[in-house]
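Student: Please give me a close look at the salt bridges here, with their surroundings. I would like every cut-off spelled out as we go.

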Amino acid sequence: MNRRVFLKSGAMAMLSLGFAPSFLGRAAAAIGSHRKLLIAIFQRGAVDGLNMIVPHGEADYYRLRPTIAIPRPGGERMGSAIDLDGFFGLHPSMAPLKPLWDNHSLAIVHACGSPDNTRSHFDAQDYMESATPGLKATRDGWLNRYLQVSSEERNPLRGVALARTMPRSLEGRAPALAIGSVDEFGVRGGGAAFEAQYESATDPLLRAAGSDAFAAMRTLRQAAGTSYRPGADYPQTPFGKALAEIARLAKADVGLEVAFTELGNWDHHVNEGSVTGQIATRLDEFSRGLAALAADLGDRLADTVIVTMSEFGRAAAENGNRGTDHGHGNAMMVIGGNVRGGVHGKWPGLAEGHRFEGRDLAVTTDFRDVFTEIVAGHMGVSRDGLSRVFPSYVASSTPGVIRA
Amino acid sequence: MKSRVFTGFLIALVVAAAQLSADAAESRIPDPESRDDATITHVLNRLTFGPRPGDVDKVRAMGLASWIEQQLHPERLDDGAAAALLPPLDTAPASADPRELRRFARQQIQSLASEKILRATYSERQLQEVLVDFWFNHFNVYADKGRTAEYLAEYERAAIRPHVFDRFRDLLEADAKSPAMLFYLDNWLSADPDASERIDQMRTQRRANVFGRRPFGRLGRRVPVVPRPQPNQAGNPPQGKKRVRGLNENYGRELLELHTLGVEGGYTQKDVIEVARAFTGWTIDRDGTFRFVPAFHDSAEKVVLGHKIKAGGGIEDGEQVLDIVASHPATARHIAYQLAQRLVADEPPAALVDRAAARFRTSGGDLREVVRTIVTSPEFLASTVRDGKFKTPFALIVSTMRTTGATVSDAHALVQTLQQMGEPLYMCQPPTGYHNTADAWISAGGLVSRMNFATRVASGNMPGVTLPATLPPGDLALRLGSPEFQRF
């Protein structure tokens, strides 16, 4: 029944909006009007939040992790946590983000996560991306629902994932694109004959999608140019390239409101490492990428929020293989010009009695509270809209990551 | 007098003719014995992965009804030629090295995906393969979750394919007892929370028998596996003084929501828990086969959908749940709806779903009879539903191979293309499986990949794919990338 309604409303929306790529004109008019931008970055595989944002003021942290803890600031010659506020510190590989902290553009929400206790990667990712923990029947993602409620504009470049397949977060009936790269998004030879075919298609859904595709291709060719060079020093990795493409789209003013990309390989059950090793390598790429993105966005950072997330945290104690197993609470980062810097959220502590199921960092902030604050405070969605972006959930309080 | 009779006769004739043409205009239902090409093409589109050159003529010659009957009995069709084209599969390594297991898993997924494309392209048992794809998605498992990939080949071969024309109850049990499903939906870990002490005693007794660290090796010892909570990919058990062990609702919930009754089937959270309790102890043995371990089973009384399951039961508790859900009217309706959605229309005609659901009930869940009811119905043959379905990337790729009469000597590039198009085979994470409805697949980005795929195939630039020397006239890329070819 729900499905049927969903299908119908999707088709109706497409029909009522017609098939002329009219967004082109509007996108052009919007140049200089500073659209708000949200960039979501998923750390797939469950990053170890306790070694990323280090609670160096917590004695239990060092007791639970005899071989993999990040030393207290200034402690070791090999490297140590970069102090933030006397209690928390950044992993030393995250030094590129320290300038953002210093100018109050970096907010951290610790002990953040899902009310659902699953320790399954795929369930937890699914719940975070649908933003309906515990409910698998949800068909669309929270970012797509944002696109659905915020505007009727039929521009697939409003929501772009730099990813091979459409991530769950952006799935849904609002048009959005998943692309490997800007230059790859095109039909060999220009596709004029294909375009003519789709323009005269009797099928309204295919006519609309074809129209979107060719319009988006043209916009990208005109606005993004062909010999683009990134404006900052990104890591030479797929993740670095994806971030560079996001900045390219943001600067090209093609109507981008939501961008998404991901970085995997955080599932360090064995030999996680500490100030060096696996997690240090991943955090280095991650942080250099984010710092380059912030620098590349330049003035656009004022209208941008970058949010990082991971499906759950890892166990408070290290395991028998100098790694960490699946846990619960984690840390999210929020970066942007309109961000209230600092470490937010209530810290539950790592003493046994305060741990979730006796083993993991407890969750004191629902991840949807962070999403809600960004969607409302930054993207400007009304209370009514919020109830559609986050069905049957109302944030009782927000962590305060966005400046009022 | 004479003329009055004649006039009356004329009027009757005109009325009858008008009635006939009104009927025809309304439903445009052709005779099931029809031999017109449009009808034959439609039936081939839906019951196969697309007609090959010459298929329409072949079906016209043998008659549509007998061709359908043949497809409903795949065992009567010799499929040796297609089977000979399938590459041999590797066997799982005996080693417990997690890196080696990961490498094997990746390779196994690739091989099975190639095999699936080749089978769909070349098998004579086309309706069977269409339904294998349907039922795999209905009972989806995700190959990248833990050790699922190791159980995957057997899953499709033994749990799904032999049962697509069987009784639903038998398919359901084969699935419930398959290691792939037991692992994917975590039932192998599900235990009576009060059984902890019993289990600890068993573990102590058995410690001497355990070979190495591998949770279940192929060592041939019939030692019951001890469920451990959330094994990670490296295979090491989680930390913590006391192991968390208890009821896992994952399978119970999906059994009701996706596999049988459907999300609106009228079950409660209490039913989910009762079902999960009934399946405690259904786990995976060390040799990778199904095993029931009484020590993990919650044998207290359960009430499932109003049916009482008496205390003191063992494996039969779960089997009784399968009886209850397989014969539930909501299941008949849910399965009928889903099959009609795949075979007839994204929003299947209600009257047809009713008849198919009724056939499900009267035949005791005989899937051959349910499919027969659907594919011989006027609704299925009506011209109004023709070209109303949108091809999934898998259906598009296979129908492209079939319509061109291409030779696929190596399917790896096609497997790759499916990844890029967003339908990596065996890699659908959520238990819903891939959807077969248009709303899930029509997108701007998707169309661009389809046009590029068409161009690549038509220009002979798809590795492992060779086009025949002579092709029908016209621009092949434009035909394969056209809006019409995306539909079926």
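Tutor: Happy to, and let's begin with the vocabulary: helices (H or I, at least four residues) and strands (E, at least two) are DSSP runs, numbered from the N terminus. This is a predicted model, in which local features need pLDDT of at least 70 and side-chain atom pairs count only at pLDDT 80 or more, while totals for chains, interfaces and linings use all residues. Residues are numbered from 1 along each chain as its sequence is written, chains are lettered from A and ligands numbered from 1 in the order in which they are written, and side-chain values use heavy atoms, with hydrogens and water left out.

Side chains of opposite charge can pair when their charged atoms come close. The rule used here asks for a side-chain nitrogen of Lys or Arg within 4 Å of a carboxyl oxygen of Asp or Glu. Over all chains, the structure holds 53 such salt bridges.

In chain A, one of them joins A:R154 to A:D212, at 2.6 Å from N to O. The partners sit 58 residues apart in distant parts of the chain: A:R154 is in the loop between α7 and β6 (159-162), and A:D212 is in helix α9 (residues 204-224). For exposure, buried means under 20% relative accessible area, exposed over 50%, and partly exposed in between (1.4 Å probe, protein chains only). A:R154 counts as buried because its relative accessibility is 13%, and A:D212 does so at 4%. Helix α7 (residues 142-150) of chain A has 7 of its 9 residues buried, so it is largely enclosed by the rest of the structure. Among those buried residues are A:W142, A:R145 and A:Y146.

Chain B has a pair of this kind too: B:K145 and B:D186 form a salt bridge whose closest N and O atoms are 2.8 Å apart. Here the separation along the chain is 41 residues, with B:K145 in the loop between α7 (126-138) and α8 (148-160) and B:D186 in the loop between α10 (179-184) and α11 (196-206). Both partners are buried.

B:R161 and B:E156 form another salt bridge in chain B, at 3.8 Å from N to O, and again both residues are buried. Shared partners join B:R161 and B:E156 with B:K116, B:E129 and B:D133 into one network.

Now to the interface. Chain B and chain A each bring 46 residues to the contact, where contact means heavy atoms within 4.5 Å. The area buried between them is about 4,000 Å², with 60% of it from carbon and sulfur atoms; that area is the accessible area (1.4 Å probe) that two parts lose on being put together, summed over both. The count across this interface is 1 salt bridge. B:R487 and A:D203 meet in a salt bridge at 2.3 Å, N to O. On the side of chain B that touches chain A, the elements giving two or more residues include α12 (250-259), α15 (329-343) and α22 (444-458). Of these elements, α22(B) gives the most, with 8 residues.
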